[in-house]
Amino acid sequence: MPTKFVTQAKNQLGQGFQQQTQALQSQIPAINQLYAALGQQLDTQRLTGTQNILEGASGRGLLRSTIPVDAQTGLEQSIIQQRGELAGKQAGEISGVQQRIGEVGTQRASAIANLVNALRAQQLGRQQFKFEKQQSLRELELNKRLSNRQFQLDRRLVELGY
Amino acid sequence: MATIYTRQAQGEIGPVFSSQQKSLSQQVPATQELYGTLLASLQAQAGAGTQNVVESAQRRGVDRARLGQDVGASLDEAVNLGGAQLGAQEAENIANIRGNQAQLGLGRAEAVSSLASTRQEQALEIQRNKLQKRIQTAEFRQGIKEAEREFQLTKRRGEISAAKSASSGGASEPGEEISDQIQGELITLRGSDGHVSPKDYNRTLGIWYRNGGDPAAFHTKFIWAVNLDHAEDYYKPEIGQAKEAVGAFIRAGKRKTAGIILDALKSAGR
């Protein structure tokens, strides 16, 4: 169960870090959506590219069996390479966002710890003064009582002739 | 629950940070509205673009049955990609705004904490000073009280000592140490004529008395310090000192000395 200082520190800090974390987390589906769209574009390019190769060959009167396979294969490989690069970039961006989320969490925890320390120090200061005041006043009262008793003793001694 | 100092600090600093937070908060819906507008514009352009391409192709005599669908699908894909890019950008912008808000919140919390600590230290310092003053005042009053009591005790000692002397016929002295110190001081204060001044004589008489000594004993013991030709300056008749001295010498059997003092007083018209 968190101490009252932790609760107080969290209240003082507010919702800023939580909101930042949520906003960062919202980036991830947006990134995924973007790379999905980019991937779809690549697919379309592959389909269009294949069709163009076929139509081009047919238009030149080439038979299907002699359709240049190399061109098709080259196109496929290019698309695969680009897909790989996209996946790498996507992973990199998401990793960056997750790293940022981690940093925000660390910063929040550190901020809370610092605030808690400050609150504890303030409380100690107040307690210390309270203690000092009690001690001083007790000492004053004690000295007063001792002085009174000493006077009573001295008076008796004087009456006895000392 | 926050202390009075934290609440005080929040009251002092809060308004500045609040206005900044408000300004940042307003950026979020503004950003969302902006990207919404951009997306709508993009979609509208796609619709208009499809129509333009088809009309242009028809004017050139190109009349593919699927042309509209192909162009539409291609533009839809472009809109989709554009929308995704806008979405990613919007998310990033909002994340940055939230980041700025978080940093502002952190700055505020730290500033409040620091100011609260300062305010508390100031308040405790004031309270410490008040406490110190209170203690000093109490100690001062106690000191006066003790001095008054000491005076009462000394006076009572003197009264008891005088009563004893009167009943026993003898004069009492303070402690041996005090007596020796006073004797030493009077010797030091002697002038070329072997006597001390009336002022020094009466001052040391006061010390003798405050330490419980009987004035009569002082007069008889230190008669050598007195210039009897000017006895009236040493023994003040107006405070009964002359009578006291004369009485002391008579009791000590020194009638001649008593007579000299009386003559000196008569000559001085006292």
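Okay, B:D200 is buried, with a relative accessible area of 17%. Keep in mind that this is a predicted model. B:D200 sits in helix α4 of chain B, and its side chain makes a polar contact with the side chain of B:S197, at 3.2 Å. There's also a salt bridge here, between the side chains of B:R203 and B:D200, 3.7 Å from N to O. Both of those residues belong to helix α4 of chain B, 3 residues apart, about one turn of the helix. You'll remember the general rule: an α-helix has 3.6 residues a turn, so residues three or four places apart point the same way. And is B:R203 buried as well, or partly exposed? B:R203 counts as partly exposed, at 38% relative accessibility, whereas B:D200 is buried.

Let me step back to chain B as a whole. Chain B has 8 helices and 0 strands, so you won't be surprised by the pattern along the sequence, because that reads α-α-α-α-α-α-α-α. Of the 270 residues in chain B, 36% are buried. If you take the contacts in chain B between residues at least 6 apart in sequence, 70% of them join residues at least 24 apart.

Staying in chain B, look at helix α7, residues 241-251. Its buried residues are B:Q241, B:A242, B:A245, B:V246, B:G247, B:A248 and B:F249. What covers them? The cover includes α4 (198-210), α5 (215-221), α6 (231-234) and α8 (255-267) of chain B. After α7(B) comes B:G253, which has a positive phi, near 80°.

Now the nonpolar cores. The largest one has 34 residues, and those with the most contacts inside it are A:A9, A:L13, A:F17, A:L24, A:L34, A:L38 and A:V97. Helices from both chains feed it: α1 (4-13), α2 (16-59) and α3 (69-159) of chain A, together with α2 (67-168) of chain B, each supply at least two residues. Which helix gives the most? That's α3(A), with 11 residues. To pick one residue from this core, A:A9 touches A:I112, A:L115, A:V116 and A:L119, leaving out residues up to four places away in sequence. There is also a second, separate core of 23 residues, including B:F218, B:I223, B:A245 and B:A264. B:A245 is one you just heard about, among the buried residues of α7(B).

On to the interface. How many residues of each chain are in contact across it? We have 42 residues of chain A in contact with 48 residues of chain B. The area buried between chain A and chain B is about 3,900 Å², and carbon and sulfur atoms give 61% of that. On the chain A side, A:Q122, A:F129 and A:F151 supply 16% of the area buried against chain B, more than any other three residues.

For polar links, the count between the two chains is 11 residue pairs in polar contact. Looking at the side of chain A that touches chain B, α1, α2 and α3 of chain A each supply at least two residues, and α3(A) has the largest share, 21 residues. By class, that side has 17 nonpolar, 18 polar and 7 charged residues.

One residue worth a look here is B:Q120, in helix α2 of chain B. B:Q120 is buried, at a relative accessible area of 4%. Its contacts, leaving aside neighbours within four places in sequence, are A:Q122, A:G125, A:R126 and B:Y5. B:Q120 and B:T6 are 114 residues apart in sequence, yet 8.9 Å apart in space, C-alpha to C-alpha.

Last topic, salt bridges. The whole structure has 9 over all chains, and 2 of them cross the interface of chain A and chain B. One is B:R128 with A:E132, at 3.3 Å, N to O. Another is B:R156 with A:E159, at 2.8 Å, running from helix α2 of chain B to helix α3 of chain A. B:R156 is partly exposed at 33%, and A:E159 is partly exposed too, at 43%.

Within chain B, the side chains of B:E12 and B:R119 meet at 2.7 Å. B:E12 lies in helix α1 (residues 4-59) and B:R119 in helix α2, so this pair ties together parts that are 107 residues apart in sequence. B:E12 is partly exposed at 38%, and B:R119 is partly exposed at 21%.

Methods:
Residues numbered from 1 in each chain as written. Chains lettered and ligands numbered in written order. Heavy atoms only, no water. Core = buried A, V, L, I, M, F, W, Y, C linked by side-chain atoms within 4.5 Å. Buried < 20%, exposed > 50% of the residue type's maximum accessible area, 1.4 Å probe, protein only. Helix = DSSP H or I, 4+ residues; strand = E, 2+ residues; numbered from the N terminus. Contact = heavy atoms within 4.5 Å. Buried area = accessible area lost by both parts, 1.4 Å probe. Salt bridge = Lys/Arg side-chain N within 4 Å of Asp/Glu carboxyl O. Polar contact = N/O pair within 3.5 Å; in protein donor to acceptor, adjacent residues only side chain to side chain. Nonpolar A, V, L, I, M, F, W, Y, C, P; charged D, E, K, R; others polar.
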